[in-house]
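I opened this notebook to record what I looked up in one structure. The entries cover pockets, helix packing and a single residue.

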Amino acid sequence: MKTVTAIVGQKKDKKRVNVYLDGEFCCGMDLFTVMSERIKVGTEIDEKRLEEVVAMSEYSSALDKALGYISKTMRTKVQLITYLKGKNYDGKTIAKVIDKLFEYGYVDDELYAKRFAAEKKLSKGKRAIAYELKIKGVDEKTIDKVMDEAESEDEGCMRVAVKYLKGRELDFETRGKCYRYLLSKGFSYDTAKETLDKIKKDDEDY
């Protein structure tokens with residue numbers, strides 16, 4: 001058994017404290033855990049119980065950090081894992097936090113991908129959207145499913161093309177530059193060509 005000899009608040013994080021046992025630094029803990037477990041100066045605790053309390057504290061702290069991270073916008077599973085690793089939480093704690101967030105619907109890569117695709121559809125093609133989702137950690141199976149279910153990219157391609165061509169003469173060189181620009185935005189070759197053909201036809205009809 002060891003005795004808690006001091007509990008000192010951390011300067012950089014007011015929600016955490018440093019716990020000292022038998023006059024020596026032991027570990028950092030979440031303040032809520034310390035209070036809920038009634039740990040105070042003079043408390044005697046064995047190593048097994050200490051490990052349980054520390055694990056509980058790390059989970060509580062990691063969950064709080066994760067909730068803060070996703071409070072303003074959705075994140076992918078990989079983004080959350082990377083974030084928590086950057087905060088120096090161990091794999092077991094991170095896995096437990098991810099499971100809890102998934103249970104409550106706060107982590108859903110398919111929903112994230114659908115919302116992301118819907119947000120970007122008027123400014124980028126499916127190839128670009130799929131690439132960005134991959135970078136964000138969404139797996140290829142989920143990306144393929146979301147892209148297959150996504151609406152046609154025709155509207156987005158036309159919107160981007162019209163914006164690019166505004167104030168420019170619709171000659172052969174400009175069409176070529178616009179075509180390459182549309183491809184750089186992730187639109188397919190066929191969609192880019194069909195869009196420019198339609199714009200040319202509309203221009204000629206006018």
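The entries below follow the order in which I consulted the structure.

**Entry 1: status of the model.** I note at the outset that this is a predicted model.

**Entry 2: the largest pocket.** I looked up the volume of the largest pocket and found about 310 Å³ of space. I then asked which of its 18 lining residues are closest to the centre. They are Ala117, Ala118, Lys121, Ala150 and Glu151. I next traced the lining to secondary structure: helix H5 (109-120), helix H6 (126-135), helix H7 (140-149) and H8 each supply at least two residues. I sorted the lining of the largest pocket by class and recorded seven nonpolar, three polar and eight charged residues.

**Entry 3: packing of H6 and H7.** Since H6 and H7 both contribute to that lining, I checked how they pack. Their axes lie 10 Å apart, at an angle of about 150 degrees. The cut-off for roughly antiparallel is an angle over 145 degrees, so H6 is roughly antiparallel to H7. I recorded the crossing of H6 and H7 as right-handed.

**Entry 4: the second largest pocket.** I found about 200 Å³ of space in the second largest pocket. Its lining consists of Ala55, Met56, Glu58, Tyr59, Asp90, Lys92, Thr93 and Lys96. Two elements, helix H2 (47-69) and helix H4 (91-103), give two or more residues to this lining. Which helix gives the most to it? I found that H2 does, with four residues. By class, I recorded three nonpolar, one polar and four charged residues in the lining of the second largest pocket.

**Entry 5: packing of H2 and H4.** I then examined the two helices named for the second largest pocket. H2 and H4 pack with their axes 9 Å apart, at an angle of about 55 degrees. I therefore entered H2 and H4 as oblique to each other. Their crossing is right-handed.

**Entry 6: glutamate 155.** I looked up one residue by itself. Glutamate 155 is found in helix H8, which spans residues 154-165; H8 is also among the helices that supply the lining of the largest pocket. Is glutamate 155 buried or exposed? Its relative accessibility is 54%, and the cut-off for exposed is over 50%, so I entered glutamate 155 as exposed. Finally, I checked the separation of glutamate 155 from lysine 201, which is 46 residues apart from it along the chain. The C-alpha atoms of glutamate 155 and lysine 201 are separated by 17 Å.

Notes
Residues are numbered from 1 along each chain as its sequence is written. This is a predicted model: local features need pLDDT of at least 70, side-chain atom pairs count only at pLDDT 80 or more; totals for chains, interfaces and linings use all residues. Side-chain values use heavy atoms; hydrogens and water are left out. Buried means under 20% relative accessible area, exposed over 50%, partly exposed in between (1.4 Å probe, protein chains only). On a 1 Å grid over the protein atoms alone, a cavity is a set of points where a 1.4 Å probe fits but cannot get out, and a pocket is an open set with protein on both sides within 12 Å along at least five of seven lines; lining residues have an atom within 4 Å of a point. Grid points are joined across faces, edges and corners, and a volume is the space filled by probe spheres set on the points. Ala, Val, Leu, Ile, Met, Phe, Trp, Tyr, Cys and Pro count as nonpolar, Asp, Glu, Lys and Arg as charged, and the others, Gly among them, as polar. Axes are lines fitted to C-alpha atoms, for helices over the stretch in contact, and angles run from 0 to 180 degrees between N-to-C directions. Angles under 35 degrees count as roughly parallel, over 145 as roughly antiparallel, 65 to 115 as roughly perpendicular and the rest as oblique. A crossing is left-handed if the near helix is turned anticlockwise from the far one by less than a right angle, and right-handed if clockwise.
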